[in-house]
Amino acid sequence: MADEIRFDGQVAIVTGAGGGLGRQHALELARRGAKVVVNDLGGSVDGSGGSSDAAKAVVAEIEAFGGQAIAHGASVTDDAGVADMVKTTMEKWGRIDILVANAGILRDRTLSKMELADFEAVIQVHVFGTFKPIKAVWDIMKAQNYGRIVVTTSSSGMYGNFGQSNYGAAKMAVLGLMNTLKLEGAKNNVKVNAISPVAATRMTEGLMPPEVLEKLKPEYVTPGVVYLVSEDAPTGAILTAGAGAFALSRIFETEGVYLGEGGLSAEEVRDNWDRITAEPDQKAYFNGGEQGAKFFRKLAGG
């Protein structure tokens, strides 16, 4: 195909790439010409343990079809490990074009049963484990005037899911990170997007029946990730993907109502609730700062 998306000459880091979604992302990027760093701690679903075997196996798969890849077993929460991964990549290939922040763990419990350690562990891997690799590659991408980053979010964060207050909080946090970095990276052609996958992986295999999992193969998500790290990618998009279906998730704000300042009360908010929440004129917010300022100027008559 003349317009095939290719990554020849580019270098990609994929975290959590020893299995599931990350493995599929790494394989497809390599098939399309990218040199790939397969990062995986090799721990269990709850984050315990560690082994480099899974990452090395993915590297072997890539090399078997003629691709180039290296394995790196750093934890995405470890400053020194992340720094070494980036240093190793730069020494070997001299650039970093793509980062797919995919690593994650689950410690599902209702809030009543959740220990502080369960909350902290999930936040560490999903939030700090997204931020630290991004921070490590950010200035490299800016200096190149080119970079593509995909963070991994979830419907559990955007809409909620029973027993996942830790996971949901973490997955919304990475969207906040994306929404700021899409602005900071624009000048240097560094684009940041989010994938919200529904897929059969170690993290979901016990949550759905086998016939459903069969329709949720990781390879049905990866095409969306490949596009989001391509040269023609958008920025600031939240792409939902699963079972071959793709949709864009957006944050909306209603037109709103100006209630004035003098004597403003909770009762006025209550009595105008239907007008405040009316949806016909709602707008998607891609740059909340500027649009928000315009919104408040309009309400104030400015």
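In this predicted model, helix 6 comprises the 20 residues 165-184, and at 1.5 Å a residue these should span 28 Å, which agrees with the 29 Å that separate its end C-alpha atoms. Several residues of helix 6 are buried, among them Tyr167, Ala170, Val174, Leu177, Met178 and Leu181. An α-helix has 3.6 residues a turn, so residues three or four places apart point the same way. The buried residues of helix 6 pack against two helices, helix 4 (116-144) and helix 5 (155-158), and against strand 5 (147-152), strand 6 (190-197) and strand 7 (238-242).

The strands of the model are arranged in an open sheet of 8 strands, whose order is 3-2-1-4-5-6-7-8 and whose pairing is mixed. Strand 3 and strand 8 (245-249) occupy the edges, where each has a single partner strand, so one side of each is left without a neighbour in the sheet. From one strand to the next, the twist averages 20°.

Within this sheet, strand 2 (residues 35-39) is largely enclosed by the rest of the structure, because 5 of its 5 residues are buried. In a regular strand the side chains alternate between the two faces of the sheet. In strand 2, Lys35, Val37 and Asn39 point one way, whereas Val36 and Val38 point the other way, and all are buried. Strand 1 (residues 11-15) runs parallel to strand 2 and is joined to it by 5 bridges, with valine 11 standing opposite lysine 35. Between strand 1 and strand 2 the chain passes through helix 1 (residues 20-31), and the resulting β-α-β crossover is right-handed. Strand 2 also pairs with strand 3 (residues 69-72), again in the parallel sense, over 4 bridges, and here asparagine 39 has histidine 72 of strand 3 as its bridge partner.

Elsewhere in the sheet, strand 4 (residues 98-101) and strand 5 run parallel and are joined by 4 bridges, valine 100 having valine 150 in strand 5 as its bridge partner. Helix 1 packs on the sheet, where it touches strand 1, strand 2, strand 4 and strand 6, and its direction makes about 170° with that of strand 1. Helix 2 (residues 53-64) likewise packs on the sheet, touching strand 2 and strand 3, and its direction makes about 180° with that of strand 3.

Helices also pack against one another. Helix 3 (residues 79-93) and helix 4 meet at an angle of about 35°, with their axes 9 Å apart, and the crossing is right-handed. At this contact, Asp79, Val82, Val86 and Met90 of helix 3 meet Lys132, Pro133, Ala136, Val137 and Ile140 of helix 4.

Definitions and conventions. Residues numbered from 1 in each chain as written. Predicted model: local features only at pLDDT ≥ 70, side-chain atom pairs only at ≥ 80, totals over all residues. Heavy atoms only, no water. Expected span 1.5 Å × (residues − 1). Buried < 20%, exposed > 50% of the residue type's maximum accessible area, 1.4 Å probe, protein only. Contact = heavy atoms within 4.5 Å. Pairing = 2+ DSSP bridges. Right-handed = clockwise from strand over helix to strand, strands pointing away. Axes fitted to C-alpha atoms, helices over the stretch in contact; angles between N-to-C directions. Left-handed = near helix turned anticlockwise from the far one by under 90°.
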